Amino acid sequence: MNDILIDLDAPKREVAYPDGIPVLLGGETFTFPAELPLEALDPLLAGNLDLMGIAAQVINDEKNNNIAGGIVDLLLTRPHLPRTFLGAMRDVYLRLLGPDQFVRFQDKKPSIPDYVRLTKALIKAYGVNLGKLSGSPTSPAAGGTTSSTTSPTTTSETPATSGAAPATPPTSEPAAS
């Protein structure tokens, strides 16, 4: 039998906000979950939004130094994109806040800059970026000691070319008397 037990119910040591992430808007505090629930990202991964297709197009445009033209092309070829994206973002916030808080949040009429600041702050708090979907909210570089190398960076025993014999150190010949 397997002796390994992964206890996901144990207290989470890496959570920076054990009581949730407080967000103040219009004099009212809204509490976002301490950790990003996986299902909160579902609206962004929906097929009608096609974020992977968009990402591929943006990367291709960046390689071709055509960012501005690429954005125009993106909007012309996907005219539903702005409305679909806004709907997906609303669904993400609904999943994060729950129906009651979400209605109160929407009643405060957050502006586009409010959403941008909030989204950036939540991305930082959750430790999420384009390369990873979860992680520690603090950087590993924030503390600790710097490690040192465990072996020399060069060695005299490594041949200069593949298959060559190592260099032989010169021998000491006895001095002539």
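Here is a walk through this protein, from its overall layout to a few of its residues.

Keep in mind that what you're looking at is a predicted model. Start with the big picture: the protein has four helices and two strands. Follow the chain along its sequence and you meet them in the order β-β-α-α-α-α. Of the 177 residues, 21% are buried. The protein exposes about 13900 Å², and carbon and sulfur atoms supply 59% of that. How much of the contact between residues with a separation of 6 or more comes from pairs 24 or more positions apart? Such pairs account for 57% of those contacts.

Now for some of the charged residues. Side chains of opposite charge can pair when their charged atoms come close. A search of the whole structure turns up five salt bridges. One of them joins lysine 108 and glutamate 28, with 3.8 Å from N to O. Lysine 108 sits in the loop between α3 and α4 (112-126), while glutamate 28 belongs to strand β2, so this pair ties together parts that are 80 residues apart in sequence. Lysine 108 itself is partly exposed, at 33% relative accessible area. There's a network here too: salt bridges link Glu28, Arg104 and Lys108.

Next, look for arginine 95, which forms a salt bridge with aspartate 42; their closest N and O atoms are 3.6 Å apart. Arginine 95 is in helix α3 and aspartate 42 is in the loop between β2 and α1, so the two tie together parts that are 53 residues apart in sequence. Both ends are partly exposed: arginine 95 has 43% relative accessibility, and aspartate 42 has 41%.

Arginine 78 and aspartate 50 make another salt bridge, with their closest N and O atoms 2.7 Å apart. Here two loops are involved: arginine 78 lies in the one between α2 and α3, and aspartate 50 in the one between β2 and α1, so the pair ties together parts that are 28 residues apart in sequence. Is arginine 78 buried or exposed? Arginine 78 is buried, with a relative accessible area of 16%, whereas aspartate 50 is partly exposed at 31%.

Aspartate 50 is worth a second look for its backbone. Most residues other than glycine have a negative phi. Aspartate 50 isn't a glycine, yet its phi is positive, at about 55 degrees. Asparagine 65, in the loop between α1 and α2, also has a positive phi, near 50 degrees. Asparagine 65 is exposed, with a relative accessible area of 72%.

What about a charged residue without a partner? Try aspartate 61 in helix α1 (residues 51-63). Aspartate 61 is buried but has no salt bridge, and the nearest side chain of opposite charge, arginine 78, is 9.2 Å away. Beyond its neighbours within four places in sequence, aspartate 61 touches Asn66, Ile67 and Gly70.

Two threonines make a nice contrast. Threonine 77, in helix α2 (residues 67-77), is exposed at 55% relative accessible area. Its side chain reaches the backbone oxygen of leucine 74 at 3.3 Å. Threonine 84, in helix α3 (residues 81-107), is buried at 17%. Leaving out neighbours within four places in sequence, threonine 84 contacts Asn48 and Leu49.

Finish on the surface, where Ile4, Ile6 and Leu8 form a nonpolar patch with about 390 Å² of accessible area together. Isoleucine 4 comes in the segment before β1 (21-25) and is exposed, at 64% relative accessible area.

Note on methods. Residues are numbered from 1 along each chain as its sequence is written. This is a predicted model: local features need pLDDT of at least 70, side-chain atom pairs count only at pLDDT 80 or more; totals for chains, interfaces and linings use all residues. Side-chain values use heavy atoms; hydrogens and water are left out. Patches are made of residues with over 30% relative accessible area and no salt bridge: like charges are joined within 9 Å, nonpolar side chains (Val, Leu, Ile, Met, Phe, Trp, Tyr) within 5 Å. Accessible areas come from the Shrake-Rupley method with a 1.4 Å probe; for residues, only the protein chains shown count as cover. A salt bridge is a side-chain nitrogen of Lys or Arg within 4 Å of a carboxyl oxygen of Asp or Glu. Buried means under 20% relative accessible area, exposed over 50%, partly exposed in between (1.4 Å probe, protein chains only). A polar contact is a pair of N or O atoms within 3.5 Å; within protein, one must be able to donate a hydrogen and the other to accept it, and residues adjacent in sequence count only if both atoms are side-chain atoms. Lys and Arg count as positive and Asp and Glu as negative; His and the chain ends are not counted. Contact means heavy atoms within 4.5 Å.
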